[in-house]
Amino acid sequence: MTSTSYTVPLNSSNAVVPGGATNVSFAVDYSTASASGGIYSTIEDLSRFGIAILNSTLISPEQTREWLKPVTHTADLRFSVGRPWEIVRMPIGADGRVVDLYTKAGDAAQYSSYFVLSPDHEVGFSILIAGIGSKVPFASAFIADTLASALIPALESQAAHETAANFAGLYKADHTRLNSSITLAVRGAGMVLESWISNGTNVLPVLQTVFGDVDIILYPSSSDRTSGEIAFRAVGGPGKAQDFGPFTRQLRENGGWTTLDLVQYGGGSYDLFVFDMDQDGRALAVTPALTRASLKRINQDI
């Protein structure tokens with residue numbers, strides 16, 4: 001980040017100075033307050049910084065995940081606060097899901113900026129604008145609105161396409177005498193467990209005693225790059241009834257998040273599914289922890 005500093009750049013030939021050289025707002029010395037809003041930078045440097053955060057180049061992946069979390073919430077369901085993040089919770093789709101955008105806004109004199117990361121999609125964007133008048137911060141916010149409104153739905157669509165290509169389809173046991181299979185499909189809130197047969201027994205009704213009459217969604221939980229495995233957890237999807245109150249909705253739609261490993265058989269959890277992946281990131285097989293039976297992916301057209 002060779003173009004970023006706390007002090008006025010020695011070479012300001014590429015600087016944007018509203019009103020020309022007579023405007024002194026560019027060369028303001030914020031002294032000890034510089035760390036909270038007096039940094040000189042460029043779009044290119046901010047992009048490098050964002051990529052370094054998302055790739056955990058600066059700190060470990062565990063520290064990055066801990067950093068990209070709320071410290072507290074506000075009275076607005078769509079806004080939380082981190083260190084130093086202003087977290088915008090952007091609703092997407094009709095199922096009530098949100099995407100958390102980790103942002104840092106900045107305004108100084110006639111300059112305004114946004115630094116935005118979407119950890120779920122591993123992308124981000126930066127905005128640096130300058131102008132004369134009191135509308136400059138609103139202009140940068142409008143640009144951020146426009147970018148997020150176009151970018152996030154497009155990323156969601158691409159993520160669904162990639163998930164379908166990499167995971168969806170029919171998985172079956174190799175052994176001809178073992179009637180076991182799983183079918184996964186991508187729709188609505190995510191990757192749906194369409195069917196699960198274990199040695200001729202339909203397992204879905206068992207899961208619905210825990211989750212209720214809702215789609216069962218598989219969410220990525222953890223990965224092991226050395227072994228090429230990715231673990232997913234099964235959680236109940238959005239409910240079909242529209243008259244849920246806050247506690248009924250929590251029980252019906254979010255209870256799975258607080259009851260992981262609730263049902264076990266022989267030490268294997270009912271909601272844990274481990275996928276074997278190839279070098280291109282496509283699933284080769286899935287092993288439900290409940291049955292420990294590896295099911296090979298044989299059909300990718302679901």
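**Figure 1. The second largest pocket and what lines it.** In this predicted model, the second largest pocket takes up about 1400 Å³. Its lining is made of 48 residues, and the ones closest to the centre are Ile39, Tyr40, Ser41, Thr42 and Leu128. As for secondary structure, helix H1 (43–54) and strands E4 (97–108), E5 (111–118) and E6 (123–130) each give two or more residues to the lining of this pocket. Sort the lining of the second largest pocket by class and you get 28 nonpolar, 18 polar and 2 charged residues.

**Figure 2. The one cavity that makes the cut.** Set the threshold at 30 Å³ or more and the structure holds 1 cavity. The space inside the largest cavity comes to about 40 Å³. Around the largest cavity sit Leu101, Val116, Leu117, Ser118, Val123, Gly124, Phe125, Leu151 and Ile152. E5, E6 and H3 are the elements that supply two or more residues to that lining. The class count for the largest cavity is 7 nonpolar and 2 polar, with no charged residue. As a reminder of how such spaces turn up, rolling a probe the size of a water molecule over the atoms shows where empty space is left.

**Figure 3. Serine 140, tucked away in H3.** Serine 140 belongs to helix H3 (residues 136–166). Is serine 140 buried or exposed? Serine 140 counts as buried because its relative accessible area is 0%, and the cut-off for buried is under 20%. A polar atom of the serine 140 side chain lies 2.8 Å from the backbone oxygen of proline 137. Setting aside neighbours within four places in sequence, the contacts of serine 140 are Ser112, Tyr114, Ile127 and Ile129.

**Figure 4. Helix H4 and its buried side.** Helix H4 covers residues 204–211, and its buried residues are Leu204, Leu207 and Phe211. Why do these residues end up on the same side of H4? They span an arc of only 60° around the axis, so they sit on the same side of H4. The general rule behind this is that an α-helix has 3.6 residues a turn, so residues three or four places apart point the same way. Right after H4 comes glycine 212, with a positive phi near 85°.

**Figure 5. A cis proline between E2 and E3.** Proline 84 sits in the loop between strand E2 (79–81) and strand E3 (86–92). The peptide bond running from arginine 83 to proline 84 is cis, and its omega is near 0°.

**Figure 6. Positive phi without a glycine: glutamate 122 and arginine 292.** Which loop holds glutamate 122? Glutamate 122 is in the loop between E5 and E6. Its phi is positive, near 60°, even though glutamate 122 is a residue other than glycine. Glutamate 122 has a relative accessible area of 60%, so it is exposed, given that exposed means over 50%. Arginine 292 is found in the loop between strand E16 (283–288) and strand E17 (295–299). Arginine 292 is not a glycine either, and its phi is positive at about 60°. Arginine 292 counts as exposed because its relative accessibility is 53%.

**Figure 7. Lysine 69, between H2 and E1.** The loop between helix H2 (61–67) and strand E1 (72–73) is home to lysine 69. Its relative accessibility is 44%, so lysine 69 goes down as partly exposed. The lysine 69 side chain reaches the backbone oxygen of arginine 65 at 3.0 Å. Leave out neighbours within four places in sequence, and lysine 69 is in contact with Gly82, Ile87 and Tyr102. How many residues separate lysine 69 and tryptophan 196 in sequence? Lysine 69 and tryptophan 196 are 127 residues apart in sequence, and their C-alpha atoms are 34 Å apart in space.

**Figure 8. Serine 31, ahead of H1.** Serine 31 lies in the segment before H1. With a relative accessibility of 52%, serine 31 counts as exposed. Pair serine 31 with alanine 168, which is 137 residues away along the chain, and the C-alpha atoms are separated by 55 Å.

Note on methods: Residues are numbered from 1 along each chain as its sequence is written. This is a predicted model: local features need pLDDT of at least 70, side-chain atom pairs count only at pLDDT 80 or more; totals for chains, interfaces and linings use all residues. Side-chain values use heavy atoms; hydrogens and water are left out. Buried means under 20% relative accessible area, exposed over 50%, partly exposed in between (1.4 Å probe, protein chains only). Helices (H or I, at least four residues) and strands (E, at least two) are DSSP runs, numbered from the N terminus. The arc is that of the directions from the helix axis to the C-beta atoms. A polar contact is a pair of N or O atoms within 3.5 Å; within protein, one must be able to donate a hydrogen and the other to accept it, and residues adjacent in sequence count only if both atoms are side-chain atoms. Contact means heavy atoms within 4.5 Å. On a 1 Å grid over the protein atoms alone, a cavity is a set of points where a 1.4 Å probe fits but cannot get out, and a pocket is an open set with protein on both sides within 12 Å along at least five of seven lines; lining residues have an atom within 4 Å of a point. Grid points are joined across faces, edges and corners, and a volume is the space filled by probe spheres set on the points. Ala, Val, Leu, Ile, Met, Phe, Trp, Tyr, Cys and Pro count as nonpolar, Asp, Glu, Lys and Arg as charged, and the others, Gly among them, as polar.
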